[in-house]
Amino acid sequence: MTVASNVKQTLASLKGLESQLSTFALNSMEEEAQQKFHEAMVLVGQIKNDIQLRVYAIEREENEYSSS
């Protein structure tokens, strides 16, 4: 598996995690739990954005990694 593939797989996992945290925040009955899930979702979203930028950089730097 190439570096680009690993980074893209990580990005997909982060997107799924962000979605799950959002669902937990919406479905939680306790306000404190909602807040914690939301905070975690925001943090994962920021990390996801950083990884997405890295994917773009990898694809720009190495044409062999770019998606067809």
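Two residues are taken to be in contact when heavy atoms lie within 4.5 Å. By this criterion, in the predicted model described here, 58% of the contacts in the protein chain with a separation of 6 or more are accounted for by residues 24 or more positions apart. The secondary structure against which these contacts are set consists of two helices and zero strands.

The overall dimensions of the protein chain were examined next. Along the principal axes, the C-alpha atoms fill a box of roughly 50 × 15 × 15 Å, and the radius of gyration of the protein chain is 15 Å, whereas a compact globule of 68 residues would have a value near 11 Å. Of the 68 residues, 24% count as buried, and the accessible surface of the protein chain comes to about 5,100 Å², with 53% of that surface belonging to carbon and sulfur atoms. The protein chain carries 6 positive and 10 negative charges, and the mean positions of these two groups are 6 Å apart.

One aromatic pair is present in the structure. The ring centres of Phe24 and Phe37 are 5.3 Å apart and the ring planes stand at 50 degrees, so the pair is classed as tilted. Phe24 belongs to helix H1 (residues 3-27) and Phe37 to helix H2 (residues 31-61), and the pair thereby links distant parts of the chain, with the two residues 13 residues apart. Phe24 has a relative accessibility of 44% and therefore counts as partly exposed; Phe37, with a relative accessibility of 29%, likewise counts as partly exposed, given that this class lies between the limits of 20% and 50%.

Methods
Residues are numbered from 1 along each chain as its sequence is written. This is a predicted model: local features need pLDDT of at least 70, side-chain atom pairs count only at pLDDT 80 or more; totals for chains, interfaces and linings use all residues. Side-chain values use heavy atoms; hydrogens and water are left out. Rings of Phe, Tyr and Trp (its six-membered ring) pair if their centres lie within 6.5 Å; planes under 30 degrees apart count as stacked, over 60 as edge-to-face and the rest as tilted. Helices (H or I, at least four residues) and strands (E, at least two) are DSSP runs, numbered from the N terminus. Buried means under 20% relative accessible area, exposed over 50%, partly exposed in between (1.4 Å probe, protein chains only). The radius of gyration is taken over C-alpha atoms; the globule rule is 2.2 Å times the number of residues to the power 0.38. Accessible areas come from the Shrake-Rupley method with a 1.4 Å probe; for residues, only the protein chains shown count as cover. Lys and Arg count as positive and Asp and Glu as negative; His and the chain ends are not counted. The place of a charge is taken as NZ of Lys, CZ of Arg, CG of Asp or CD of Glu.
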